[in-house]
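Q: Can you walk me through this one? I have the model open and want the basics first, then anything odd in the backbone.

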Amino acid sequence: MGSIALSNPTNISSLFTTNVTVTIANDDATLQLSNASVTVDEAAALATVTVTRVGDISRAATAQFATTDSAGLQSCTVANGKASERCDYGTAVGTLRFAINETAKTFTIPIVNDALVEGDETFTVNLSAPSGALLGATTTATITITDNDSSPATQNPVDGVAFFVTQQYIDFLGRLPDAVGFANWTRVCRCTGPKQSRTRLSRQPEPESGSNFP
Ligand SMILES: [Ca+2]
Ligand SMILES: [Ca+2]
Ligand SMILES: [Ca+2]
């Protein structure tokens, strides 16, 4: 990075911009998704995506990632091959930071193990806004969630404590529960039974140490 400064104008009254910062992109390094397609079982809990760096790894580099889908506001019961962040996975957005000499970074996306017979569904992950490197050829990956349901459920999964607690973490925090938090909230919910969990959680006093959702 450097700067260019202008001064001593001639035949004009003033200079509106006198300094410009010039950033030289490091085209000796590239960042890209390691695979253009990733398949994950619905029961796997997480999809893991890897970004690789090749070329000059002697400097730090960053890039942003984000999930997206084309399901819009369609009902979760619609089976058309489109995974939805409202139904099938947790939105993942962030910045990957490569330290000096790091050649790969990963991020994870929560996957919802619902009870719907819906077939395999897909969404995408995009890589953008690099710094300290250029983007390589693979900046978009298709994530396929393999359905593991073959017959209609006899019970709404949200009436199950484990599913309910897990879904609260995904919906409110964008991640899966840690072991301590999951154990404590599972115990809290089981005090009154799964179907009362939602009401029960909202009426709980301040949870004990270790069971805070964050
Ligand atoms: Ca779905
Ligand atoms: Ca399932
Ligand atoms: Ca399913």
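A: Sure. A note on terms: helices and strands here are DSSP runs, at least four residues for a helix and at least two for a strand, numbered from the N terminus. The model is a predicted one.

Q: How many helices and strands are there?
A: The protein has 11 strands and 3 helices.

Q: What pattern do they follow along the sequence?
A: Reading along the sequence, the pattern is β-β-β-β-β-β-β-β-β-β-β-α-α-α.

Q: What share of the residues counts as buried?
A: 21% of the 214 residues in the protein.

Q: And contacts, what percentage comes from residues 24 or more positions apart?
A: Among contacts with a separation of 6 or more, 69% are between residues 24 or more positions apart.

Q: Now the backbone. What is the phi of N101?
A: About 75°, so a positive value in a residue that is not a glycine. Most residues other than glycine have a negative phi.

Q: Where is N101 found?
A: In the loop that runs between β7 (93–98) and β8 (104–110).

Q: Buried or exposed?
A: N101 is exposed, because it has 10 other C-beta atoms within 10 Å and the cut-off for exposed is 12 or fewer.

Q: What about A129, what is its phi?
A: A129 is not a glycine either, and its phi is positive, about 45°.

Q: Which element is A129 in?
A: A129 sits in strand β9, residues 121–131.

Q: Is A129 buried or exposed?
A: Exposed, because A129 has 11 C-beta neighbours inside 10 Å.

How values were computed
Residues are numbered from 1 along each chain as its sequence is written. Chains are lettered from A and ligands numbered from 1 in the order in which they are written. This is a predicted model: local features need pLDDT of at least 70, side-chain atom pairs count only at pLDDT 80 or more; totals for chains, interfaces and linings use all residues. A residue is buried if 20 or more other C-beta atoms lie within 10 Å of its own, exposed if 12 or fewer, and partly exposed in between; C-beta atoms are placed from the backbone. Two residues are in contact if their C-beta atoms, placed from the backbone, lie within 7 Å.
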